[in-house]
Amino acid sequence: MDRDIIIHSGKVLTMDESKPYAEAIHIKRNRIKRVGSNKEILISKTQDTEIISAKGKTIMPGFIDSHIHIFPGADSLGKLNLTNAYTFDEIKDLTQKYMHDNEDLNFIEGNGVHYSIFKGVEKATRFELDKITKDKSLLLIAPDHHSGWANTKALTEANILQGFALPEGNEVVMSSDGYAEGMLKENEAIKLVSALETPRRSRLGLDTGGEPIPTPNDQARNIDKKTLKNGLAHLAKLGITSVHNMDGNFYTLELLDEIQRENNLTCRVKVPFHFKPEMDEKKLDTALEMHKKWDTPFLSSGLVKFFMDGVIGSSTAFLVNDYADTPEWKGRALFSENRFKKLVAKVDKMGLQIAVHSIGDAAVKRVLNAYNYARKENGNRDSRHRIEHIELIQKSDIKRFKKLGVIASMQPVHPPGSDGLPLEPELSKIGKHRFNQAYAWKSIKNSGSVVIFSTDWPVSNVDPLNCIYNALNRKIWTADTMDQRLNLNETLSAYTKLGAFAEFKENEKGILKEGYFADLVMLSGVIDQIKPSQIKELEVELTMVDGDIVYKKT
């Protein structure tokens, strides 16, 4: 389509250091033709030009969420969300109401259940959940999606009431009576119960990295495409124009490809190959196939995702020193150092990018060691390998990010106390002696490294403005704790141009500049002229992707 659009009378925040501010922007087809003053831009209008007045509001590059799970996130919309429940009675009331409103469901899953709900509860948490329902299978999932709690019926239906042997780092927690207590640690344990709800195709890219069996028929594919389209519409409403997915398989890419061919892909998506610990290294050839098949401005791959550890909340993150509340326990890595170094070197030699979930400081160190090994084996290149989360880091490892050219991918909605998260049990597990090494955005940024921001949806609310609000309003835990906040410009950069840099697209998007893709948002106010505490009040009024208006507030 031969689009010709001028947006004028705005506070254009370009994120382009050479020209940070403007009043108007001219879009031709799917690119930015010019950015400048109202006078400079409006002189170019013709009778066919669509004219939009921003009325003094912020126009800025579209948000790039650098770590989400698009299929599980889309599937979570409209489901039972318990994030705002802080007592067991609240969990019970909300769940029973959901069951009443959805009487046909025999499997109930509630997401966003805080660890603190079960603090002080007897070990056999399944009996607590039986008080909610004994007749239906019930699975509650923690906000980080790394722990779950199941009632007796769910454990029985899944044939794990008497336990189940799992790969290291995953656990069906047992009581002293020889039966499962109800807590499930990490995905291999959780999915034994979540599999009771069929189909679970939305989670295959995360659970197995493999393809659905049997192959979905047209009806099933259409159901899954509808789910993804709902998710894409949700992202468009929030001003998100690009995402880096952090789970993936051929099926996810095929569905998104079909949506793109139907001209309904309203967001640029990068999808990785998810390599699981139990896989043979030959499976890495799949990542190369995905990269060769999908490499367009809207849909791409070229990325391999690994998990090195779990999370702090369930004590499955891999730490250098003991958990503060559990002497002689450091957690465990999902890959041995030697095996992981060889895998990383192989992926690096293929010319692919790597992203690794690493929350504990020992996990971060192991991944940095592997990146260093790959560099020695294969030679130095602009690989832009990434580490995801980095919730604890050793001081000595901070400077290694810049030295190795590694990108720190972090989530401002994850620190305890942010976005409604309780402080416990995480602070007790970290310990005051490590507070300055936790969620160390500023320390890593000040070392000269690239820090990008994201939400890890559906682990957290995917709304970028909510995330930016939490980034700027993060509270320190004690008077001795460092303030790790970035300033507004750094925070917005981490959500726009640096997100583009992380996918080698810094010359095509992430800033508003002549020749770049017309990916932008218009906000309801002026983001750099209000207090940080007011940012949560802003809304997205218009989202444009590739020159198309994909959302407009009515």
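Student: Before we look at D4 and its strand, what must DSSP find before two strands pair?

Tutor: Two strands pair if DSSP finds at least two bridges between them. Please also keep in mind that this is a predicted model.

Student: Okay, which residue stands opposite D4?

Tutor: D4 stands opposite K28, which belongs to β4. The strands concerned are β1 (residues 4–8) and β4 (residues 24–28), and four bridges join them in the antiparallel sense.

Student: What sheet is that part of, and in what order do its strands come?

Tutor: It is an open sheet of four strands, ordered β5-β4-β1-β6, with mixed pairing. At its edges stand β5 (31–36) and β6 (50–53); each has a single partner strand, so one side of each has no neighbour in the sheet. On average, neighbouring strands of this sheet are turned by 15° against each other, direction ignored.

Student: Moving on to β24. Which way do its side chains point?

Tutor: In β24 (residues 520–523), L520 and M522 point one way, whereas V521 and L523 point the other way. All of these residues are buried. There is a general pattern behind this: in a regular strand the side chains alternate between the two faces of the sheet.

Student: And which strands are joined to β24?

Tutor: Strand β7 (residues 58–61) runs antiparallel to β24 and is joined to it by three bridges. In that pairing, P61 stands opposite L520. β24 also pairs with β25, again in the antiparallel sense, over four bridges. There, M522 has L542 of β25 as its bridge partner.

Student: Now a helix. How far apart are the end C-alpha atoms of α8, and what span should we expect?

Tutor: Helix α8 covers residues 218–237, which is 20 residues. At 1.5 Å a residue the helix should span 28 Å, and its end C-alpha atoms are 28 Å apart, so the two values agree.

Student: What do the buried residues of α8 pack against?

Tutor: They pack against β8 (63–68), α2 (70–76), β15 (240–245), α9 (250–261), β25 (540–545) and β26 (548–552). The buried residues of α8 include A220, D224, T227, L228, L232 and L235. As a general point, an α-helix has 3.6 residues a turn, so residues three or four places apart point the same way.

Student: What happens at the two ends of α8?

Tutor: At the start, a side-chain oxygen of N217 comes within 3.2 Å of the backbone nitrogen of Q219. Just after the helix, G239 has a positive phi of about 85°.

Student: Which other residues have a positive phi without being glycine?

Tutor: E328 is one of them, with phi near 70°, and H389 is another, with phi of about 90°. E328 sits in the loop between β19 (303–307) and α11 (337–349), while H389 lies in strand β21 (residues 386–389).

Student: Are those two buried or exposed?

Tutor: E328 counts as exposed because its relative accessibility is 74%. H389, at 3%, counts as buried. The cut-offs are under 20% for buried and over 50% for exposed.

Student: Different topic: how many disulfides does the structure hold?

Tutor: It holds zero disulfides. C267 is in no disulfide, and the nearest cysteine sulfur, that of C467, is 15 Å away. With a relative accessibility of 1%, C267 counts as buried. C467 is buried as well, at 0%.

Student: Where are the cis peptide bonds that involve P425 and P458?

Tutor: One joins E424 and P425, with omega about 10°. Another joins W457 and P458, also with omega about 10°. P425 lies in the loop between β22 (407–410) and α14 (426–430), and P458 is in the loop between β23 (451–453) and α16 (464–472).

Student: Last one: where is H114, and is it buried or exposed?

Tutor: H114 is in the loop between β10 (107–111) and α4 (125–130). H114 counts as buried because its relative accessible area is 1%. Its side chain reaches the backbone oxygen of T83 at 2.7 Å. Setting aside neighbours within four places in sequence, H114 is in contact with T83, A85, Y86, P143, G420, L421 and P422.

Notes
Residues numbered from 1 in each chain as written. Predicted model: local features only at pLDDT ≥ 70, side-chain atom pairs only at ≥ 80, totals over all residues. Heavy atoms only, no water. Buried < 20%, exposed > 50% of the residue type's maximum accessible area, 1.4 Å probe, protein only. Polar contact = N/O pair within 3.5 Å; in protein donor to acceptor, adjacent residues only side chain to side chain. Contact = heavy atoms within 4.5 Å. Expected span 1.5 Å × (residues − 1). Axes fitted to C-alpha atoms, helices over the stretch in contact; angles between N-to-C directions. Disulfide = S-S within 2.5 Å.
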